[in-house]
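Colleague: I'm new to this one, so I'd like to ask how you arrive at the words you use for it. Could you show it to me before we start?

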Amino acid sequence: MRPNPVKRLLRDSRPAIGTWLNIGSPITAEAVATLGFDWLVVDTEHSPIGIETATAMFQAIGGMGGVPMVRIPANTEENFKRVLDAGAWGVVVPMVRTAEEAAAAVDWCKYPPAGKRSMAGSPRHARAFGTDPQTYFARANDEILLVIQLEDIEAVRRADAILKVPGLDACFIGPTDLSASMGLKPGYEQKDPAFEDALRMVREACKRHGVAPGIHTGSAAVLNQRIAEGFQFVALWSELNFMLQAVRAELAKVQRRPA
């Protein structure tokens with residue numbers, strides 16, 4: 001069974017850098033997978049990507065030797081079941097606000113006795129890891145990455161209770177939602193001291209409980225800053241944002257002829 005290199009990076013307290021995929025295209029996913037990111041997250045929460053397209057994107061990423069992950073729309077058994085059976089190597093769970101919700105995520109992500117994940121008849125998930133169903137069942141709990149998102153200031157205040165739940169690999173801060181919950185203008189980067197205090201609270205709670213801290217960033221400069229601060233599971237924007245940024249910059253240089 002192919003090992004999950006992102007799991008090993010985080011266990012070794014090293015950074016793992018990835019990006020979000022919001023364009024529902026296996027061709028785009030395959031191309032981005034050649035660029036050198038440690039992981040790629042197919043975003044099914046804030047994009048119109050369905051399970052069939054997501055499955056094809058997982059295949060495209062894995063075919064390039066990448067680590068295909070997914071952000072599910074909500075923390076439910078059905079959502080976990082479908083993406084894991086489709087071959088995802090990791091799951092990002094949005095809007096986790098309590099220890100009970102974190103424990104539910106562990107239950108849906110892991111096979112018994114560690115959790116309550118059900119068995120699939122199709123071996124698609126095993127093929128995604130280059131193995132047989134029996135080996136997958138025996139080792140999936142060790143290789144699949146579980147990342148919960150803290151995106152609300154109340155969740156930040158409960159960080160110790162949430163992050164001590166066994167079975168969590170990483171905690172990922174959603175800066176825009178966290179900003180909004182604090183009464184700040186939503187955005188990837190914030191200068192408000194209260195926002196930085198919230199990040200510190202989560203980072204320190206992660207350290208106490210052996211969970212890798214993570215965050216979304218909008219530029220390489222801020223990504224490097226966050227890594228220097230101790231964040232490990234770090235996202236650099238999204239392929240859609242990068243595309244629009246490049247097109248916008250070049251279009252602005254076009255000299256239009258007068259009518």
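Colleague: What radius of gyration would a compact globule with 259 residues have, and how does the protein chain agree with that?

Modeller: Keep in mind that this is a predicted model. With 259 residues, a compact globule would come out near 18 Å, and the protein chain has 18 Å, so the two agree. Along the principal axes, the C-alpha atoms fill a box of roughly 65 × 40 × 30 Å.

Colleague: What is the chain built from, and how much of it is buried?

Modeller: The protein chain has 13 helices and 8 strands. Buried residues account for 49% of the 259. Of the contacts with a separation of 6 or more, 63% are between residues 24 or more positions apart. On the outside, about 11900 Å² is exposed, with carbon and sulfur atoms supplying 54% of that.

Colleague: Where do the charges sit, on average?

Modeller: There are 29 positive and 29 negative charges, and their mean positions are 3 Å apart.

Colleague: How many disulfides are there, and how do you know that C109 is not in one?

Modeller: A search of the whole structure gives 0 disulfides. A disulfide needs two cysteine sulfur atoms within 2.5 Å. For C109 the closest cysteine sulfur is in C171, 15 Å away, so that is too far for a bond. C171 is in no disulfide either: its nearest cysteine sulfur, that of C206, is 4.3 Å away.

Colleague: Why are C109 and C171 called buried?

Modeller: Buried means under 20% relative accessible area. C109 has 3%, so it counts as buried. C171 has 0%, so it is buried too.

Colleague: What makes the peptide bond between P112 and P113 a cis one?

Modeller: Look at omega, which is about 5° for the bond that joins P112 and P113. Most peptide bonds are trans. P113 lies in the loop between α5 (99-109) and α6 (124-128).

Colleague: What is there to notice about the phi of M95?

Modeller: Phi of M95 is near 50°, a positive value in a residue other than glycine. Most residues other than glycine have a negative phi. You'll find M95 in the loop between β4 (90-93) and α5.

Colleague: And W237, where is that found, and what is its phi?

Modeller: W237 is in strand β8, residues 233-238. W237 is not a glycine, yet its phi is positive, at about 50°.

Colleague: Why is W237 called buried, while M95 is called partly exposed?

Modeller: The buried label needs a value under 20%, and partly exposed runs from there up to 50%. W237 is at 17%, so it counts as buried. M95 is at 24%, so it is partly exposed.

Colleague: How about helix α4, which of its residues are buried?

Modeller: Helix α4 covers residues 77-85, and its buried residues are N79, F80, V83, L84 and D85. R82 is also in helix α4, but with 44% relative accessibility R82 counts as partly exposed, because that label covers the range between buried and exposed. The C-alpha atoms of R82 and I72 are 9.7 Å apart in space, with their places 10 residues apart in sequence. Just after α4 comes G87, with a positive phi of about 110°.

Colleague: What makes S25 a buried residue, and which residues is it in contact with?

Modeller: S25 has 16% relative accessibility; the cut-off is under 20%, so S25 counts as buried. S25 lies in the loop between β1 (16-21) and α2 (26-32). Leaving aside neighbours within four places in sequence, S25 is in contact with T53 and M57. S25 and A56 are 31 residues apart in sequence, and their C-alpha atoms are 8.2 Å apart.

Colleague: Last one: how do you know that E151 is buried, and what does it touch?

Modeller: E151 is at 4% relative accessibility, so E151 counts as buried. E151 lies in the loop between β5 (145-150) and α8 (153-157). Beyond the neighbours within four places in sequence, E151 is in contact with R71, P94, M95, G174, D177, L178 and S181. One of these, M95, is the residue with the positive phi near 50°. The C-alpha atoms of E151 and V96 are separated by 7.5 Å, although these residues are 55 apart along the chain.

Key. Residues numbered from 1 in each chain as written. Predicted model: local features only at pLDDT ≥ 70, side-chain atom pairs only at ≥ 80, totals over all residues. Heavy atoms only, no water. Helix = DSSP H or I, 4+ residues; strand = E, 2+ residues; numbered from the N terminus. Rg over C-alpha atoms; globule rule 2.2 N^0.38 Å. Buried < 20%, exposed > 50% of the residue type's maximum accessible area, 1.4 Å probe, protein only. Contact = heavy atoms within 4.5 Å. Areas by Shrake-Rupley, 256 points an atom, 1.4 Å probe, with all protein chains shown as cover. Lys, Arg positive; Asp, Glu negative; His and termini not counted. Charge placed at Lys NZ, Arg CZ, Asp CG, Glu CD.
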